[in-house]
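User: I've got a model open and I keep running into labels I'd like explained. Can you take me through what stands behind them?

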Amino acid sequence: MKRLKILWKIIRVTGFSKFVLSFILYLFFSAFLFTWLEPSIRSFGDGLWYAFVSATTLGYGDIVVTTFLGRMISVILTIYGLIFFGCLSGVLVNYYTEMNHLYREEEKSNLKK
């Protein structure tokens with residue numbers, strides 16, 4: 001639980017929370033569209049599962065979209081997921097790098113005293 005609090009603090013401090021919210025909203029919106037458009041997706045849960053699998057680029061293949069609009073939504077969702085997770089890892093690495101730099105600067109100033 002502590003790690004989730006730290007992660008949320010990082011996301012808030014860096015301003016990444018708006019991107020997180022937009023990604024989650026698009027994930028749920030896509031799941032709704034898949035449920036409505038795709039004959040193979042019969043429930044919102046299946047649509048959400050497919051949206052998650054597409055956004056994370058796992059691609060299990062247990063659910064397949066067949067309509068043109070479903071495929072276009074999947075492409076956009078996959079690109080959005082790639083950008084999102086790439087940016088998320090960049091934000092986390094940058095935050096920890098900055099924290100490490102500040103910690104080292106603090107240590108140097110304490111040693112000089």
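Analyst: Sure. Keep in mind that this is a predicted model. The crossing of helix 2 and helix 4 is left-handed, and that pair is a good place to begin.

User: OK, what makes helix 2 roughly antiparallel to helix 4?

Analyst: The angle. The axes of helix 2 (residues 17-37) and helix 4 (residues 68-112) cross at roughly 160° and come within 11 Å. Angles over 145 degrees count as roughly antiparallel, so helix 2 gets that label against helix 4.

User: Which residues of helix 2 and helix 4 meet?

Analyst: Quite a list. From helix 2 it includes Phe19, Phe23, Tyr26, Leu27, Ser30 and Phe34, and from helix 4 it includes Ile73, Leu77, Tyr80, Phe84 and Cys87. The residues of this contact of helix 2 with helix 4 split into 17 nonpolar, five polar and no charged.

User: Why are helix 3 and helix 4 called oblique to each other?

Analyst: Same kind of check. Helix 3 and helix 4 pack at about 55°, with axes 7 Å apart. Roughly parallel needs an angle under 35 degrees, and roughly perpendicular runs from 65 to 115. The angle fits neither, so helix 3 and helix 4 come out as oblique. On the helix 3 side the contact is made by Tyr50, Ala51, Ser54 and Ala55, and the helix 4 side includes Ser74, Leu77 and Phe85. Six of the residues in this contact are nonpolar, four are polar and none is charged.

User: How do you know whether Ser30 is buried or exposed?

Analyst: Look at its accessible area. Ser30, in helix 2, has a relative accessible area of 0%. Buried means under 20%, so Ser30 is buried. Setting aside residues up to four places away in sequence, Ser30 touches Ala51, Ile73 and Leu77.

User: Then what about Trp49: why is Trp49 called partly exposed?

Analyst: Trp49 lies in helix 3 and has a relative accessible area of 36%. Buried would need under 20% and exposed over 50%, so Trp49 lands in between as partly exposed. Not counting residues up to four places away in sequence, Trp49 touches Tyr60, Asp62 and Ile63.

User: And what puts Asp46 in the partly exposed class?

Analyst: Its relative accessible area is 31%, which sits between the two cut-offs, so Asp46 is partly exposed. Asp46 is found in helix 3. Leaving out neighbours within four places in sequence, Asp46 is in contact with Ile41 and Ile63.

User: What makes the phi of Thr57 worth a look?

Analyst: Thr57 has a positive phi of about 60°, although it is not a glycine. Most residues other than glycine have a negative phi. Thr57 sits in the loop between helix 3 (44-55) and helix 4. At 43% relative accessibility, Thr57 counts as partly exposed.

User: Last one: which residues have the most contacts inside the largest nonpolar core?

Analyst: Phe16, Phe34, Ile41, Tyr50, Ala51, Leu77 and Phe84, in a core of 23 residues. Helix 1 (2-14), helix 2, helix 3 and helix 4 each supply at least two residues of this core. Beyond its neighbours within four places in sequence, Ala51 is in contact with Leu27, Ser30, Ala31, Phe34 and Leu77. In soluble globular proteins, nonpolar side chains tend to be buried together.

Terms used. Residues numbered from 1 in each chain as written. Predicted model: local features only at pLDDT ≥ 70, side-chain atom pairs only at ≥ 80, totals over all residues. Heavy atoms only, no water. Axes fitted to C-alpha atoms, helices over the stretch in contact; angles between N-to-C directions. Helix = DSSP H or I, 4+ residues; strand = E, 2+ residues; numbered from the N terminus. Left-handed = near helix turned anticlockwise from the far one by under 90°. Contact = heavy atoms within 4.5 Å. Nonpolar A, V, L, I, M, F, W, Y, C, P; charged D, E, K, R; others polar. Buried < 20%, exposed > 50% of the residue type's maximum accessible area, 1.4 Å probe, protein only. Core = buried A, V, L, I, M, F, W, Y, C linked by side-chain atoms within 4.5 Å.
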